[in-house]
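This report introduces a protein structure to a reader who has not met it before. The sequence and the model are shown first, and a description follows.

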Amino acid sequence: MKHLNFILAGLFFLCGICCRAQVLPLEENVVLNTKEGQIKGKLLLPGGVKTCPVVLIIAGSGPTDMDGNSAIGNLRNNSLKFLAEGLAANGIASLRFDKRGIGTSASAGKEEAKLRFEDYVNDVTGWIDYLAKEKRFTTITVAGHSEGALIGMLACQNRPKVKGYISVAGAGRPAYEIIEAQVAAQQNPGAVREVASINGSLKNGKEVSDVPAYLQSLYRASVQPYLISWFKYNPRTVIASVKVPVLIVQGKNDIQVSVEDAELLKKGCPAAELLLIDKMNHVLKDCESKDVQQQMLTYGNPSLPVNSTLIASVSTFVKKLK
């Protein structure tokens, strides 16, 4: 009987150790108030700690929500949610949010004709200031995914509380160059000339009234002011002015943003760390091929984990910051 009691006591002791080692992260709903409405997000905190670093995660372009899921095609992959959870498991807090006009932040949306790229940048600076007031956080790192990378590198400037910046699958070229490259890949010389001409006007701040019908979805009148505001920025130039430590992360099997883009960012910021991850694609998951059909299986798989090297490398980078 005494032997049994000893075994049971040992089991309870081991259980106590395991329970303490697996403290679940805590999630808080947070709100950023703007003139147009509330931008809503989630703060994920590692359990069992009073202070820790925090990463502000910025989603990519289009109707992409705070979890990395897109309303276009109802593509659910939970990439940014899994990134946040991976950071929490490594003792790092994160804040991710629905962009204005998207998901829970729909009420803060602006009319398309009034929306500017700087609106997204200003929202991120608002979140940075929000986090800077929190005594729980030892450092703030800004991490932008895809289009969010450019937004992040602009927002973290002149924010002394920001101690690090991470570009995840961020473009190294201006938006107009990317558009022209995508059109050129369709092997339609006429479209290439039309797009280059329209982009030339927009780069100079001039709207175009005579847009061909087949290009209306891309260059409709209501979206041209936004494009003008976006075309002003060359990521390679912008990243050169980031004064904090920089980590550039790019997946080798990303079919939306290339390794060349990451290398361009590195040229703009030679002091940055450059991490190229085998197999990782644009939604931060492993994919054996660049075949579109295989890629789309990962874009719509909310249970497939994000790349483990990404989690480990970002965690290491953030923990080194002071």
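## Salt bridges

To how many salt bridges does the count come? The count comes to 16 salt bridges. The structure under discussion is a predicted model, and every value in this report is to be read in that light. As general background, side chains of opposite charge can pair when their charged atoms come close.

One of these pairs joins Lys42 and Glu27, whose closest N and O atoms are 3.9 Å apart. Lys42 belongs to strand S2 (residues 38–45) and Glu27 to strand S1 (residues 26–33), so that the contact links distant parts of the chain, 15 residues apart. Lys42 is partly exposed, at 26% relative accessibility, and Glu27 is likewise partly exposed, with a relative accessible area of 45%.

A second pair is formed by Asp67 and Arg96, with an N to O distance of 2.9 Å. Asp67 lies in the loop between S3 and H2, whereas Arg96 is in strand S4; the salt bridge therefore ties together parts that are 29 residues apart in sequence. Both Asp67 and Arg96 are buried. Within helix H2, Glu85 and Lys81 form a further salt bridge, their closest N and O atoms being 2.8 Å apart. These two residues, Glu85 and Lys81, are four residues apart in the helix, which means that about one helical turn separates them. Glu85 is partly exposed at 34% relative accessibility, and Lys81 is partly exposed at 25%. In addition, a network of salt bridges links Glu28, Glu134 and Arg136.

## The sheet

In what order do the eight strands of the open sheet lie? The order is S1-S2-S4-S3-S5-S6-S7-S8, and the pairing is mixed. S1 and strand S8 (273–277) are the edge strands, each pairing on one side only. On average, neighbouring strands of this sheet are turned by 20 degrees against each other, direction ignored.

## Strand S3 and its neighbours

Is strand S3 enclosed or open to the outside? Seven of the seven residues of S3 (residues 52–58) are buried, so this strand is largely enclosed by the rest of the structure. S3 pairs with strand S5 (residues 137–145) in the parallel sense over six bridges, and in S5 the bridge partner of Val55 is Thr141.

S3 also pairs with strand S4 (residues 93–97) in the parallel sense, here over four bridges. Ile57 has Arg96 as its bridge partner in S4. From S3 the chain crosses through helix H2 (residues 79–89) to S4, and this β-α-β crossover is right-handed. Arg96 thus appears in two settings, as the bridge partner of Ile57 and in the salt bridge with Asp67.

S5 has a further parallel pairing, with strand S6 (residues 162–168), over six bridges. In this pairing His145 stands opposite Val168 in S6.

## Nonpolar cores

In soluble globular proteins, nonpolar side chains tend to be buried together. The largest nonpolar core of this model has 44 residues, and Tyr165 and Ile239 are those with the most contacts inside it. Helix H3 (residues 117–132) gives the largest share of this core, seven residues.

Another core lies apart from the largest one and has 27 residues, among them Leu80, Leu83, Ile92 and Ile311.

## Cysteines

How many disulfides does the count give? The count comes to zero disulfides. Cys52 is in no disulfide, and the nearest cysteine sulfur, which belongs to Cys156, is 20 Å away. Cys52 is buried, with a relative accessible area of 5%.

Why is Cys269 not bonded to Cys156? The closest cysteine sulfur to that of Cys269 is in Cys156, at 10 Å, and this is too far for a bond, because a disulfide requires the two sulfur atoms to be within 2.5 Å. Cys269 also counts as buried, at 9% relative accessibility.

Key
Residues numbered from 1 in each chain as written. Predicted model: local features only at pLDDT ≥ 70, side-chain atom pairs only at ≥ 80, totals over all residues. Heavy atoms only, no water. Buried < 20%, exposed > 50% of the residue type's maximum accessible area, 1.4 Å probe, protein only. Pairing = 2+ DSSP bridges. Right-handed = clockwise from strand over helix to strand, strands pointing away. Salt bridge = Lys/Arg side-chain N within 4 Å of Asp/Glu carboxyl O. Core = buried A, V, L, I, M, F, W, Y, C linked by side-chain atoms within 4.5 Å. Axes fitted to C-alpha atoms, helices over the stretch in contact; angles between N-to-C directions.
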